[in-house]
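Student: Pick one part of this model and take me through it closely. I want the packing, the charged contacts and any empty space around it.

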Amino acid sequence: MRTALDQNTDIKRAQVQARQSNIQVRSEWMDFLPNLEINTSVERGVGRGFSEVVGGITTQTQDEFRLNGRSSVTLFNGFENTSSLRQAREQAGADQNSLKRARREVVFTVMDQFISLVESREIVRVRRERVEAQRQRLKQIREFVEAGTRPKSDLFTAEADLADAEQQLLEGKREREVSQTQLIQTLQLNPRAAYDFQVPSLEGDTLDPVRYKLSALIDEAFRKRLDLRVAKAKRRAAEQGVRSARSSYYPSLSLSGSYGTDWSSQGLRNINDESFGNQLDVNRGGGVSLEISIPVFDQFNRSTEVERAQVDALNAKYQLQDRRQEIALQVRQSYFDYRNAVQQLEAANKRLRAAERARRAAQERYELGSADIVELQNAIRDYVDAASQQVRARYELVFQQKRIDYNVGRLSPDEPLLG
């Protein structure tokens, strides 16, 4: 299971999305801080020209140096920064839950494929036992035919039954390889390597059914399902998007400040010391400004953005409602599927016990000469089919119980697959 959680590409994509959301949250936090920029320039002028440093027309080569710093901070922008931050945080929370949900989906997929692999291996075991039994029976019938107590047609029928059993075994092995290939794909393992997945055994009579209450399962799903939390977070994020869009109707207020100095090779008028350091000291200065911007008319762009945000919020609301309904129906379906699986296993156990008794009775009657090969053949086929169905019923019950855990949100990546 750890391999799937580390290697699966769906989880890696969810991790990238969660990382991007966290970056967006940090970016929104930065909007509350003031910006700071420092500009410097060095110029050389040749010929006649006006010098801002000298304050007059110069006709010779002139070198100038400037150094300025500027900072500004937004004091109020209609709560756009707070709404955007809340929206980003809600989206980040949704993506984190999506990542957790992706991990659980991978766990459920691996569990489903692992159970299919276990089931296919059990089917192969049943069919291999049938092949061995058919070989022993063919040997016994051959002795009967040679002794003249059975017709030669019984030998041909036994040979055909053995060939059919071997064919069924080959088909079972192919199904096992398909199940293993699907599991390798989900685990992102090397297709060139050979793997031996450890498969625990399950006894059909030891699977104790669990008593569930449908209403309690649905309530638990509403509390624990991560995709429902994702839908709720996206709805809250969309509501913050509406507040952010409405912020464009409010005026904005910002505070700015600047400070700088400069130097010129022409020197300055009315000062005695024209050295570089003294000029920088004399020319230094700055200012503070408070700027307010009032929106008046923007070709109805603001109302369009607000309406678009409201539509997104409505869609998020409807998606949340749909998700709640889907979750309730998924839990309901898994609840009835589990009840049916319990009944199917009970019926399969009864059928297997009856088929085993019928097979033994037919074998005894055939050996005594009171039954023909057709009756024995039908009894054997019924037993093999009953054994196969009982294997499927055992693992179907396990799968349906895990499906309930998955649909109510209690399936954990740290739990054993068949624990």
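Tutor: What follows starts from one helix, H9, and works outward to its surroundings.

This is a predicted model, so local features need pLDDT of at least 70, side-chain atom pairs count only at pLDDT 80 or more, and totals for chains, interfaces and linings use all residues. Residues are numbered from 1 along each chain as its sequence is written, and side-chain values use heavy atoms, with hydrogens and water left out.

Begin with the helix. H9 spans residues 373–408. Helices here are DSSP runs of H or I, at least four residues, numbered from the N terminus. H9 has 36 residues and reaches 52 Å from its first C-alpha to its last. The expected span, at 1.5 Å times one less than the number of residues, is also 52 Å, and the helix comes close to it. Just after H9, Gly409 takes a positive phi of about 90°.

Now the empty space. A cavity is a set of points on a 1 Å grid, over the protein atoms alone, where a 1.4 Å probe fits but cannot get out; its lining residues have an atom within 4 Å of a point. Points are joined across faces, edges and corners, and the volume is the space filled by probe spheres set on them. Two cavities of 30 Å³ or more turn up. The largest holds about 50 Å³. H9, H3 (80–147) and H4 (152–187) each give at least two residues to its lining. The lining includes Ile373, Leu376, Gln377 and Ile380, along with Arg137 and Asp161. By type, the lining is six nonpolar, two polar and two charged. Ala, Val, Leu, Ile, Met, Phe, Trp, Tyr, Cys and Pro count as nonpolar; Asp, Glu, Lys and Arg as charged; the others, Gly among them, as polar.

Next, the packing. A nonpolar core joins buried Ala, Val, Leu, Ile, Met, Phe, Trp, Tyr and Cys residues through side-chain atoms within 4.5 Å. Buried means under 20% relative accessible area, exposed over 50%, partly exposed in between (1.4 Å probe, protein chains only). The largest core has 30 residues, and Phe108, Ile115, Leu183 and Phe197 touch the most other members. H9 supplies at least two of its residues, as do H2 (9–30), H3, H4 and H8 (301–368). H3 gives the largest share, 13 residues. Another core, of 21 residues, lies apart from it and includes Tyr212 and Leu345.

Last, the charges. A salt bridge puts a side-chain nitrogen of Lys or Arg within 4 Å of a carboxyl oxygen of Asp or Glu. The whole structure has 29. In one of them, Arg392 meets Glu119 at 3.4 Å, N to O. This pair links H9 to H3 across 273 residues of chain. Arg392 is partly exposed at 28%, while Glu119 is buried at 19%.

For a second case, leave H9. Asp227 bridges Arg323, again with the closest N and O atoms 3.4 Å apart. Asp227 sits in H6 (residues 226–246) and Arg323 in H8, so the bridge ties together parts 96 residues apart in sequence. Asp227 is buried at 11%; Arg323 is partly exposed at 25%. Arg323 also bridges Glu326, at 3.2 Å. Those two are three residues apart in H8, about one turn. Glu326 is partly exposed at 37%. Asp227, Arg323 and Glu326 belong to a salt-bridge network that also takes in Arg101, Glu105 and Arg225.

Conventions: 1 Å grid on protein atoms, 1.4 Å probe; cavity = no way out; pocket = protein on both sides within 12 Å on 5 of 7 lines; lining within 4 Å.
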